[in-house]
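Colleague: Could you take one part of this model and walk me through it slowly? I'm new to this, so please keep it plain.

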Amino acid sequence: MIEVQGVSRSFGPVPAVRDVTLSVRAGEIFGLIGPNGAGKSTLLRLLLGLIPPDSGDLTIGGVAPGGPGFRELRRHIGYLPENVVFYDNLSGLETLQFFSDLRGTARTACGPLLERLGLAAAARRPVRGYSRGMRQRLGFAQALLGEPRLLVLDEPATGLDPAGIRDFYRILAQLKAGGTTVVLSSHNLAEIQDRVDRVGLIRDGRIRAVGAVQALREERRLPLAVDFRLRPGARHVVLQALAALGDCRVDLGPDRGTVTCDPARRMAVLSILTSLGDAVTELRLREPSLEDLFLAYTEP
Amino acid sequence: MFAPRPIIVIARKEFRERLRSRWVLAVAAVLATFALAIAWFGAAQQGAVGFRGAGVTIASLVSLVIYLVPLIALLLGYDAIVGERERGSLDLLLALPLSRAELLLGKFLGLGTALAATIVAGFGLAGLVLGRQFGGAGLVAYSEFVLSTLLLGLAFLSLALLISTLAANRVVAGSLAIALWFLFVLVYDLVLLGLLVATEGSFLGAAFPLLLLLNPADVFRVLNVMSLEDVRTLYGLATVMPARLADPRLQGAVLLLWIAVPLAAAWLHFRRAR
């Protein structure tokens, strides 16, 4: 669906996107993850043909942005920019009708879309009275006009409350089932990890890794930690038993301890700790955090 | 190159927004009130108040229009593009099947319609009151005055759109708009007059009147004043105009250029802007 080959783009002397090569498959939900200023928005804007690349090639459905046929293709691309502010004096329904007219789709879809996004009651109220979350929902509704084949969403969950985020991803899942391709950006890996098919980790304008979150996890083999509580006086027994693990790190305090090890050793660690009777209580397994994973791929 | 549909959609939305915010109503009321007040008091210099003939009234209104209408048009249009850019909706619009030229043209048509509605409603209302004093010929002259006011407004709206595509943010755009108003409405004539007086009338010689064409406000003044027999002599700068340049058709064409050229320049810049 999307092919990006060696694309770079600078703003003046500042490189925003550097030599990015990426491909997004039709029908998948692809998450672009990176901190603020990593180049996510620029990459999305390049995809939409809003700015041309300095070098490299990109195509959407085989069509180059800005090239012949792209105007027609735009009809089938839904886009939600980051932090968009709509027109204060128009109602939610009028706003949606305006974008529907520009896209050339039937206005009859506007009412049901507002309903689907939970904005039916506010449809006729001016947008200036909308909360942040309501504006974001309106923006999302706008992106869904005309049942797009490709959705490009820049930080779509910003400003949504937990229920809003859940609704949002539920709709994304429905769209995916209908064959829509989705590219979304986020600085929150934890929020999207279970909701996207693959992620691209981006930092300083470069894509550092691409893949399913679990696959990236396994590839990097970040150490996991097992925390436990010690019976007073059992320190020596525990230390002796854990010595058999060899390559694990053991930190023992007077009444609690932590074993840090390769994720492949987790069963070995657990079986030793559980064999020690009442010397060890309250086991807790800590998987490497997603922040750790992100940093492992993106730290220089 | 242009599809009419998206242009109309943009224009309709712009007009609706101004109507909804009561901008059209408020500005029309201001214009009507000022017009009637000036028509009443405008002849005070001649030692009397009250409604006068069309010529004197229009001459008084010309001064009002030169101050007010450029300001209104500049304030109407200065954030048309830069405002969309700042609120993040410009990307959204340009990601749709809509070219930059269509967006710009739609903005101009929509805002231009709002401006035309205020001018026609404001001066139309005043015209209804003044019409009885004017008589047939006076009404024709008054209609021509309203039409030229519209052209003047559209010229400054076009300049406002140019500012809106050039400026980095709304504050800069607003400042540029005010600066442009000062330049064309206050400073330009003062400088020309100063140069004329300092050189005892010899500045640039016969080419001097051409300088008046470089300011749409002056074109508007000359266009209205020169066509009114009984007030032509009241104005200083206008009297330096040779008959050839004072042809109202030429003046009208120059005003049309003042609408088209800044708009074209705005497009040339906007289509390459990021």
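Modeller: Let's look at how some helices pack against each other. First, this is a predicted model, so local features need pLDDT of at least 70 and side-chain atom pairs count only at pLDDT 80 or more, while totals for chains, interfaces and linings use all residues. Residues are numbered from 1 along each chain as its sequence is written, chains are lettered from A and ligands numbered from 1 in the order written, and side-chain values use heavy atoms, without hydrogens or water.

Start with helix 3 of chain B, residues 54–77 (helices are DSSP runs of H or I, at least four residues, numbered from the N terminus). Its axis and that of helix 2 of chain B, residues 23–41, come within 9 Å and cross at roughly 160° (axes are lines fitted to C-alpha atoms over the stretch in contact, with angles of 0 to 180 degrees between N-to-C directions). Helix 2 and helix 3 of chain B are therefore roughly antiparallel (over 145 degrees; under 35 is roughly parallel). Their crossing is right-handed (the near helix is turned clockwise from the far one by less than a right angle).

Now look at who touches whom, with contact meaning heavy atoms within 4.5 Å. Helix 2 of chain B brings Trp23(B), Val27(B), Val30(B), Leu31(B), Phe34(B), Ala35(B), Ile38(B) and Ala39(B). Across from them, helix 3 of chain B offers Thr57(B), Ser60(B), Leu61(B), Leu64(B), Leu68(B), Ile72(B) and Leu76(B). Sorted by class, that's 13 nonpolar, two polar and no charged residues (Ala, Val, Leu, Ile, Met, Phe, Trp, Tyr, Cys and Pro are nonpolar, Asp, Glu, Lys and Arg charged, the others, including Gly, polar).

Helix 3 of chain B has another partner, helix 9 of chain B, residues 216–226. Here the axes come within 10 Å and cross at roughly 175°, which makes this pair roughly antiparallel too. Ile58(B), Val62(B), Val65(B) and Ile66(B) of helix 3 meet Ala217(B), Phe220(B), Arg221(B) and Asn224(B) of helix 9. The tally is six nonpolar, one polar and one charged.

For a contrast, hop to chain A. The axes of helix 5 (residues 132–144) and helix 6 (residues 162–177) of chain A come within 12 Å and cross at roughly 5°, so these two are roughly parallel. Arg137(A), Phe140(A) and Leu144(A) in helix 5 meet residues of helix 6 including Asp167(A), Phe168(A) and Ile171(A).

Note on methods
Parallel < 35°, antiparallel > 145°, perpendicular 65-115°, else oblique.
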